[in-house]
Amino acid sequence: MLQQKSLDWADTAPERAMTLPARYFYDPKVFEAERERIFYPAWHCVAHLSELRQPGQFVTFDILDQSVIVSNDAGSLHAFHNACQHRGNRLTNERRGETGPVFRCGYHSWCYGRDGALRNAPRTERLPDFDKTQFGLKPVQLEVLGSFVFINMDPDAAPLAAIAPGAEAKMAQYLPDLADMRLISEVDVIVPANWKVIMDNSIEGYHFGLSGPVHKELAALIDFKQYALEAHDKWWTYIGPPNGDVDSAYGVPLACATWQTDWFFNIGIWPNTTFYCFPFADICGTFLMIPLEPEKSLLRFGYYGPAGRAMPEVTKACIQWMNQQLGPEDIALNVTNQKGLRSFGYNQGRYLIDAARSNESEHLVHHFHRLVHQAVRPALVP
Ligand code: FES
Ligand SMILES: [Fe+2]
């Protein structure tokens, strides 16, 4: 008889370790444990500060069955749950918008200030002891890291700086214009794969020279021998210096172009936020793997560029190359990877982890799996 695959994973020395068992990538019980123990209490990147510069501007961020609004009220930012305090109606479905003086609930017109306080609730003068101050929108933690706005629904969550100490300084080192960015575009792609399949793909260089042609193009833009992947507990970096011999990138000559950094810079923050810059491109990209279902994720590509500066041709070409070439080449791998994980003929493989933690070593994948395992395992043992 065919057996249900095991969830047991021996957290042994990385060089000898077997990969996280396949069931972690599709089992609804694992997904439920991740929801409770990873995503609800996590810091989520929702926008860059520039998207909330003007009073009245707001963004919403949806994660699983939750939705959070971040709003600018007279210059200060507030985050609250996107649920009216009358009968719970969701207040807005817009990803970004501008509110008037208030957020008005579409059901019975309760109106909330941009700070979340209840301002007006029709007919409630008929109620005994109705106290408006008791019915403000429920607040959510908010922090800024590297000029990006993060929220956390867990009131007891540790500050982002404690989770990713040193991450902000590292970003500033490679992305000098972080504070002065504006949103260029945001592209959402639904991928039929578990969120970790996408993450695993993004944090190893083993497949660069061995998968598709676009990956080889990327590897050729950097001094791939110097590509270094480094884990720091709940954050990690993978960074490569530029290949000094190239004079064009993404099909465009580099002459006269300006850029944020000529390095290939990536930084991941637990559990699912990545900031990056491609070599010779004047952008900071965000790459978010937002889980939807055990085997379905929303991949959100945000592109931010320096405000008030014309976008160089090479940067335009880079964004197009990411959306139309590298992204799809990786997504195709995510989809086939997800299918294989389901096979009765697969459960675990060996990580390619070498003693030197080289440019092709999968030590970040192991590190990430260990964090996931530590977070969910207690909920899965009977
Ligand atoms: S549910 Fe919002 S006003 Fe009634
Ligand atoms: Fe890739």
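Q: Which element gives the most to the lining of the second largest pocket?
A: That's α7, with three residues. Elements here are DSSP runs numbered from the N terminus: helices (H or I, at least four residues) and strands (E, at least two). Both α1 (28–39) and α7 supply at least two residues of this lining. Keep in mind that this is a predicted model, where local features need pLDDT of at least 70, side-chain atom pairs count only at pLDDT 80 or more, and totals for chains, interfaces and linings use all residues. Residues are numbered from 1 along each chain as its sequence is written, chains are lettered from A and ligands numbered from 1 in written order, and side-chain values use heavy atoms, without hydrogens and water.

Q: What makes a space a pocket rather than a cavity?
A: It's about whether a 1.4 Å probe can get out, tested on a 1 Å grid over the protein atoms alone: in a cavity the probe fits but is trapped, while a pocket is an open set of points with protein on both sides within 12 Å along at least five of seven lines, and lining residues have an atom within 4 Å of a point. The second largest pocket has a volume of about 200 Å³, and among its 15 lining residues, R37, P41, I163, K234 and W270 lie nearest its centre.

Q: How many residues of each class line that second largest pocket?
A: The split is 11 nonpolar, two polar and two charged. Ala, Val, Leu, Ile, Met, Phe, Trp, Tyr, Cys and Pro count as nonpolar, Asp, Glu, Lys and Arg as charged, and the others, Gly among them, as polar.

Q: What surrounds the largest pocket?
A: There are 21 lining residues, and D200, E204, N337, Y346 and E362 sit nearest the centre. The volume of this pocket is about 460 Å³. Helix α6 (313–341) brings the largest share of the lining, five residues, and α4 (195–202) and α7 (363–380) each add at least two. By class, you get eight nonpolar, nine polar and four charged residues in this lining.

Q: How many cavities of 30 Å³ or more are there in the whole structure?
A: The search finds three. The largest cavity holds about 270 Å³ of space, and its 23 lining residues include S202, F287, M322, L326 and D330, the closest to the centre. Once again α6 comes up: six residues, the largest share of this cavity's lining, are from that helix. The lining has 14 nonpolar, eight polar and one charged residues.

Q: What lines the second largest cavity?
A: Among the lining residues are C45, R95, F148, E186 and Y304. About 60 Å³ of space lies inside, and β1 (44–48), β18 (284–293) and β19 each supply at least two of the residues around it.

Q: Why does L210 count as exposed?
A: Exposed means over 50% relative accessible area, buried under 20%, and partly exposed in between (1.4 Å probe, protein chains only). L210 has 60%, so it is exposed. You'll find L210 in the loop between α4 and α5 (213–221).

Q: What makes D129 and C256 stand out?
A: D129 has a positive phi of about 50° without being a glycine, and C256 has one of about 70°, also without being a glycine. Most residues other than glycine have a negative phi. D129 is exposed at 81% relative accessibility, and C256 is exposed at 81% too.

Q: Which peptide bond is cis, with omega near -5°?
A: It's the one from W270 to P271, and P271 lies in the loop between β16 (264–269) and β17 (273–277). Most peptide bonds are trans.

Conventions. Points joined across faces, edges and corners; volume = space filled by probe spheres on them.
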